[in-house]
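Work through the exercises below with the model open. Each task is followed by a solution in steps.

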Amino acid sequence: MSIKRLITFITSIILIMTPALAIAEQTSSVAASKLDTTIVIGFILFFVIASIIITWWTSRSTSTTTDFYVAGKEVPWIQVGIAMVGSYLSAASFLGCPGDIGVFGIDSIWLSIGFFGGYMAVLLLIAGPLRNVGSYTVAGALHSRFPDDRIKLVVMLCTVVISTFYLVPQMLGAGLLFELLLGWNFVYVTIGLGLLMSIYIVFGGMKSTLANQAIQAVFLWIAMVVLVTIAYFTVGHGSFSWILETANQVVPPLLAAKNEAVVSAISNMSATDAITTARQMMPTAESAMSIGVKTDNTLAMISTVVALVFGTAGLPHILIMFFTVPSARAAKKSVTLCIVALGIFYICAIILGFLLFPGIYAKLVTWIAQGSTGIGQAKNMAVLEISHLVGGPWLMAIGAAGAVAAILSTAAGLMITVASSISHDLYKVYINPNATEKQELNIAKITTLLMSAVAVSLAVMLKEENIAWLVMLAFGIAASAIFPAMITTLWWKRTTRQAVIASTLTGLAVSVLFIAILLINGSKYMFLGLPVAGGPGIFGVSASFIVLYFVSIFTSDTGKDPDTFMALAHKPDVD
């Protein structure tokens, strides 16, 4: 990239950010009144400027499809491991996991456990074999055993659906964060961030994406650890037993908010006094340590956990990163590093969720009492509220910037995954088989811009929906549509081409059906006696595996030389 192009690039970023800054709302939120906006803007500008510099630097070596899709397959495993953390830790992890515990209590620790447990499945079952057999995309890995272009088409469709469901809540979270904290216009902020990510993907490809994700991951991880450490010693008195004893006395905010007398009585109290008063007024109510506050349907809870654990092993934007390292051994090292970092992060998220009770209990109840909008605010803003309580404007600004970092890194990974899949698995296979690398790259870049526009539009349409809930739906689709076909292709010789196609389409259809029913009828609806509240997880995965097994039994096309494929997939690890 020449100096002239760099200047043009920087100017475009300034033009992107200007509308969001200029068209600020006249009235700002309560959180905004507590926050020195110059601090948070400073942190955000740091990420913008860092993205510009990194994109300019990496664009000089991004000239081929291999460079754009998988960063030349030569990225150090440490960098990829850190980037995986950035790509995986979305706004749902940073804001939603602690916030959900703050609303429902111990029921919601399954979110953190599920998000973390998914990577164990990836490490043990997917990482090494997938890197050995893959090329640029998940579809390419399946295609290497079953050379049928219809497989690429089906997986490409799944990739687009999954990534869209995952990308929309990232854009939604970004817009809401700026609107609630700074009073900025939701639409303009969402457009600005969408364009920012599009530009650094278009110019820098996977190399730029990985480098930006690594920086954002470090910042986000440190922000969480610092916040929890400070809160543990200030709000939690440096005692896990005290934190748990307090939680055992807490009337879950969701239940307390339904009692108007409690809401009125505790609105101006400190958190500790509010907890005591709520318990005295509701002596028989369940506690935050009681199971069943969030849902009394065990099957719905199991469905959520299945989606989170197996969905990770089916997320295209995670799986594509295994192709960026030099070997299967390096891929496993990257995942191991990622697991350690994620384990610490999600332990902190659980602790922080329980610290919300002695920290901002009255605030949580007051928020939730306002209705569905208030519940969303409690889930998505509680982390920033306690950040201000224990660390003032600076820590709150760091928390806000951490959330922005999570959104940027996850969204960028999703966008480049869709771009790679459409250009490599659709355009190159079905539309223009003789396409040159330049033509393929141009399609990927155009797809990036279109995906950004679609995500921004859907985020505006779904503004009132809960962020963590939308992310969970994406995990449900990934677990149902991608995971069964992927795991059996890599591990079961008897898997057939027809079974992979049928299984993938079945998982996609069942999961989309459950989501449509959930969106139309609400979480209390029962479909054929089955709860839809937990999403499609267990139902889509079960249907997909059942179809895969029986179709494999009754068909015979096990791919080209399955013995050779298995030997390649499971060859000894070497650097």
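**Exercise 1.** Determine how the axes of helix α8 (residues 138-145) and α21 (483-491) are placed relative to each other.

Solution. Two packed helices are described by the angle between their axes and the distance between the axes. Helices here are DSSP runs of H or I with at least four residues, and strands are runs of E with at least two, numbered from the N terminus. Axes are lines fitted to C-alpha atoms, for helices over the stretch in contact, with angles from 0 to 180 degrees between N-to-C directions.
- Step 1: the axes of α8 and α21 come within 10 Å and cross at roughly 40 degrees.
- Step 2: angles under 35 degrees count as roughly parallel, over 145 as roughly antiparallel, 65 to 115 as roughly perpendicular and the rest as oblique; α8 and α21 are therefore oblique to each other.
- Step 3: the crossing of α8 and α21 is left-handed, meaning that the near helix is turned anticlockwise from the far one by less than a right angle.
- Step 4: Val-138, Leu-142 and Arg-145 of α8 make the contact with Ala-485, Met-486, Thr-488 and Thr-489 of α21, where contact means heavy atoms within 4.5 Å.

The model is predicted: local features need pLDDT of at least 70, side-chain atom pairs count only at pLDDT 80 or more, and totals for chains, interfaces and linings use all residues. Residues are numbered from 1 along each chain as its sequence is written, and side-chain values use heavy atoms, with hydrogens and water left out.

**Exercise 2.** Describe the surroundings of Thr-495, which lies in the loop between α21 and α22 (497-521).

Solution.
- Step 1: Thr-495 is buried because its relative accessibility is 0%; buried means under 20% relative accessible area, exposed over 50% and partly exposed in between, with a 1.4 Å probe and protein chains only.
- Step 2: the Thr-495 side chain reaches the backbone oxygen of Thr-488 at 3.1 Å.
- Step 3: leaving aside neighbours within four places in sequence, the contacts of Thr-495 include Arg-145, Thr-488 and Thr-489. Those three residues also take part in the contact of α8 and α21.

**Exercise 3.** Find aromatic pairs and classify their geometry.

Solution. Rings of Phe, Tyr and Trp (its six-membered ring) pair if their centres lie within 6.5 Å; planes under 30 degrees apart count as stacked, over 60 as edge-to-face and the rest as tilted.
- Step 1: the whole structure holds 9 aromatic pairs.
- Step 2: Phe-483 and Phe-545 are edge-to-face, at 6.2 Å centre to centre and 85 degrees between the planes. This pair links helix α21 to helix α23 (residues 537-554), with the two positions 62 residues apart in sequence.
- Step 3: Phe-483 is buried at 4% relative accessibility, whereas Phe-545 is partly exposed at 30%.
- Step 4: Tyr-549 and Phe-550 are also edge-to-face, at 5.3 Å and 80 degrees. Tyr-549 is partly exposed at 41%, and Phe-550 is partly exposed at 45%.
- Step 5: ring pairs join Tyr-232, Phe-233 and Phe-240 into a cluster.

**Exercise 4.** Which residues other than glycine have a positive phi, and are they buried or exposed?

Solution.
- Step 1: among them is His-237, with phi near 60 degrees, in the loop between α10 (186-234) and α11 (240-249). His-237 is exposed at 54% relative accessibility.
- Step 2: Asp-561 has phi near 50 degrees and sits in the loop between α23 and α24 (562-569). Asp-561 is partly exposed at 44%.

Key. Polar contact = N/O pair within 3.5 Å; in protein donor to acceptor, adjacent residues only side chain to side chain.
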